[in-house]
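Visitor: Could you take me through one helix in detail, along with whatever sits around it?

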Amino acid sequence: MLDVRRMQMLAAVVSNGSVTAAAARLGYTPSAISQQVASLEKEAGTELLERVGRGVRPTAAGLLLTEYADAIGRQVAEAETALGDLLAGRTGRLSVRYFATAGARLVAPAVARLRAEHPGVQIDLKLTGPDPLPDVREGRADLALVVGPSDEDGVRLLHLLDDPYLAVLPAAHPLAARRSIRLTDLADEPWVGSEWPGPCLEAQLTACATAGFHPRFVVDSEDYATAQGFVAAGLGVTLIPRLGLGGRHPDVAVRQIRGPEPSRAIHAAVRETALPQPALEAFVEALRDAAAG
């Protein structure tokens, strides 16, 4: 196999016209340069230089290897520049998993800010499945937005915000006349389910258990908009997190809950052993600012 370092020495000899001039440029002795070129000739199986007066010129094989050495040198320089851009966060790719209600309020402004501050970074956004943490732990995603605490090994959770649940009532419901209601006021009401089993539903059930009751679900829905439709039709009441109330049904009333206030904790999950990435750090900071806003 041809030694790339020796090819670079050959190129220096050719460009400078002599072994002595190449040695002065590279900081070696002339004998060291001659030895390296001789070793390269053994590797190539042919002569690479021929003497011309006090200097040398490349043979056809020497000229060929010189051209490749120049190309390799340019590629190494490009690689160093690209690596510097990547380490500085000017380029690269960021893979993000998110859930629907965090998309508009958290992810969208964070992505817009990252694109403005790091335009060379490509962002791969995917709506998450039931459990995105394995993707983070195994390196398929750089970050995932998740709800609730997790004991997932190899994953670090960065708290973004606590998203409180609000009571959603039919507009004509007697409790709608109040500015806020107690969770126990809903104990005897029929409930419309707004969450699939998981940490979001657990946040509701835990708060209800603290208040001393278990909600009586009369209908389940697959999303917050559908749940609002059932409530507007008078089938029951429901709880929806603040982030999930981007589009409000005209025939429902939304009221703050007291004693206790159900809330879901939203975290950014990153790999525990992930190396520092300026783009990832900037995205987390943008998520935190969006959450604070």
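Guide: Let's go with helix H7, residues 199–211: its 13 residues reach 18 Å from first C-alpha to last, close to the 18 Å expected at 1.5 Å a residue (the expected span being 1.5 Å times one less than the number of residues). Helices here are DSSP runs of H or I with at least four residues, strands are runs of E with at least two, and both are numbered from the N terminus. This is a predicted model, where local features need pLDDT of at least 70 and side-chain atom pairs count only at pLDDT 80 or more, while totals for chains, interfaces and linings use all residues. Residues are numbered from 1 along each chain as its sequence is written, and side-chain values use heavy atoms, leaving out hydrogens and water.

Buried in H7 are Cys-200, Leu-201, Ala-203, Gln-204, Leu-205, Ala-207 and Cys-208; that means under 20% relative accessible area, with exposed over 50% and partly exposed in between (1.4 Å probe, protein chains only). Their cover includes strands E5, E6, E8, E9, E10 and E12, with contact meaning heavy atoms within 4.5 Å. Right after H7 comes Gly-212, with a positive phi near 95°.

Two of those covering strands, E8 and E9, also share an aromatic pair: Trp-191 lies in E8 and Phe-217 in E9, so the pair ties together parts 26 residues apart in sequence. Their ring centres are 5.9 Å apart and the planes sit at 80°, so it's edge-to-face (rings of Phe, Tyr and Trp, using Trp's six-membered ring, pair if their centres lie within 6.5 Å; planes under 30 degrees apart are stacked, over 60 edge-to-face, the rest tilted). Trp-191 counts as buried at 0% relative accessibility, whereas Phe-217, at 30%, is partly exposed. Add Phe-213, and the three form one aromatic cluster.
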